Amino acid sequence: MSITVNGDHMRVRDGLTIADLAAQIGLVAEKVAVERNLEVVPRSTLADVRVEDGDELEIVHFVGGGDHQPVAQTADTWSVAGRTFTSRLIVGTGKYKDFEQNAAAVAASGAEIVTVAVRRVNVSDPKAPMLTDYIDPKKITYLPNTAGCFDADSAIRTLRLAREAGGWDLVKLEVLGEARTLYPDMVETLRATEVLAKEGFKPMVYCVDDPIAAKRLEDAGAVAIMPLGAPIGSGLGIQNLVTIRLIVEGATVPVLVDAGVGQASDAAVAMELGCDGVLMNTAIAEAKDPVLMAAAMKAAVEGGRMGYLAGRMQRRRYADPSSPLAGLI
């Protein structure tokens, strides 16, 4: 009989189960998730569900797993969806030269969370390296995201597969409006947030830097608001400090700047605005020395956070001498 696996046509024998098919291809069932005719197949049933003629299967990478260990509350921690973290820097896993460089940059950044895209398994080379071979999901929290999704339905479908692959309900949602600017489509983003929240997901949501839109996302079930500082991958830095600050002041969930960071000072500015954290990828991955830049971003986030906690001096219109004028010679 004839079936389709990840877009490729295959002929297989009758009576084959999905588990048999995975083994035949050379895949480890525990490291993948399977969708059959647009329905996620629970991993516990892979050995029971038989492939039928005309089936369309999607097999994607394992993208999550592991439990985050509790962090002592004496540190300057932050929490999202009941999970507590020390590092306020989240980094992406795209655009690096190779997995080794990616892993080294993550280590230098001190990040405890990395975003990961859900992509098809390479069935022609099932032994090809995977991200999980280099960044251990038992030590680093994987945050499956919907990068590349341009409508709510595809984003929801992607995250359902991600949850089946790793059992991880904390996810990053982004629904893009167009390829040129990669700005979020807020109508589709809000719809996806509502559906995912009802299904038990904990979505951290990429959005425009609009305090009204941010509040609606929070009301819809977003566990974190992630306004863009500038277009994704632009490196322009935070373009609207006022609206980011308004979002921070109005939110009761964590706020993290997502997209637009280009240099370490941009990350410091985000933290000085009172954000709970910063997410970045291109600023590190496309630096001349990604590992060194990762360390710089770590220091910038920590410095910006300390500056925010210390409290900025009052702005004055006129000069105020640092040294006392009394007793001048």
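How much area do domain 1 and domain 2 bury between them, and what share of it is on carbon and sulfur atoms? That was my way into this structure, which is a predicted model.

**Entry 1: the two domains**

I began with the division of the chain. Domain 1 covers residues 2-61, and domain 2 covers 78-310. I then took up my opening question: the two domains bury about 1,700 Å² between them, and 61% of that area is on carbon and sulfur atoms. I looked up the contacts as well, and found 21 residues of domain 1 touching 15 residues of domain 2. Taken over C-alpha atoms, the domain centres are 31 Å apart.

**Entry 2: salt bridges**

Next I turned to charged pairs. Side chains of opposite charge can pair when their charged atoms come close. I got a count of 17 salt bridges for the structure. How many are there between domain 1 and domain 2? I found one.

I also noted E35 and R157, which form a salt bridge with their closest N and O atoms 2.5 Å apart. E35 falls within the 2-61 range of domain 1, and R157 within the 78-310 range of domain 2.

Another pair I looked up is E52 with R36, whose side chains meet at 3.7 Å, N to O. Where do these two sit in the chain? E52 is in the loop between β4 (39-41) and β5 (56-61), while R36 belongs to strand β3, residues 32-36. The two are 16 residues apart, so I marked the pair as a link between distant parts of the chain.

**Entry 3: the largest pocket**

Then I went looking for open space. The largest pocket holds about 750 Å³. I counted 38 residues in its lining, and those nearest the centre are T93, G94, A117, N145 and N281.

Which elements give two or more residues to this lining? They are β9 (113-117), β10 (141-145), β15 (277-280) and α8 (282-285). Strand β9 gives the largest share, three residues. I sorted the lining by character too: 19 residues are nonpolar, 14 are polar and five are charged.

**Entry 4: the one cavity**

Last, I checked for enclosed space. I found one cavity of 30 Å³ or more, and its volume is about 40 Å³. Which residues line it? My list reads I18, L21, A22, L27, V32, V34 and I59.

Helix α1 (18-25) and strand β3 each give two or more residues to this lining, with α1 giving the largest share, three residues. Strand β3 is the one I had already met with R36. As for character, the cavity lining has seven nonpolar residues, no polar ones and no charged ones. The pocket lining, by my earlier note, includes 14 polar and five charged residues.

Definitions and conventions: Residues numbered from 1 in each chain as written. Predicted model: local features only at pLDDT ≥ 70, side-chain atom pairs only at ≥ 80, totals over all residues. Heavy atoms only, no water. 1 Å grid on protein atoms, 1.4 Å probe; cavity = no way out; pocket = protein on both sides within 12 Å on 5 of 7 lines; lining within 4 Å. Points joined across faces, edges and corners; volume = space filled by probe spheres on them. Helix = DSSP H or I, 4+ residues; strand = E, 2+ residues; numbered from the N terminus. Nonpolar A, V, L, I, M, F, W, Y, C, P; charged D, E, K, R; others polar. Domains from an automatic or database assignment. Contact = heavy atoms within 4.5 Å. Buried area = accessible area lost by both parts, 1.4 Å probe. Salt bridge = Lys/Arg side-chain N within 4 Å of Asp/Glu carboxyl O.
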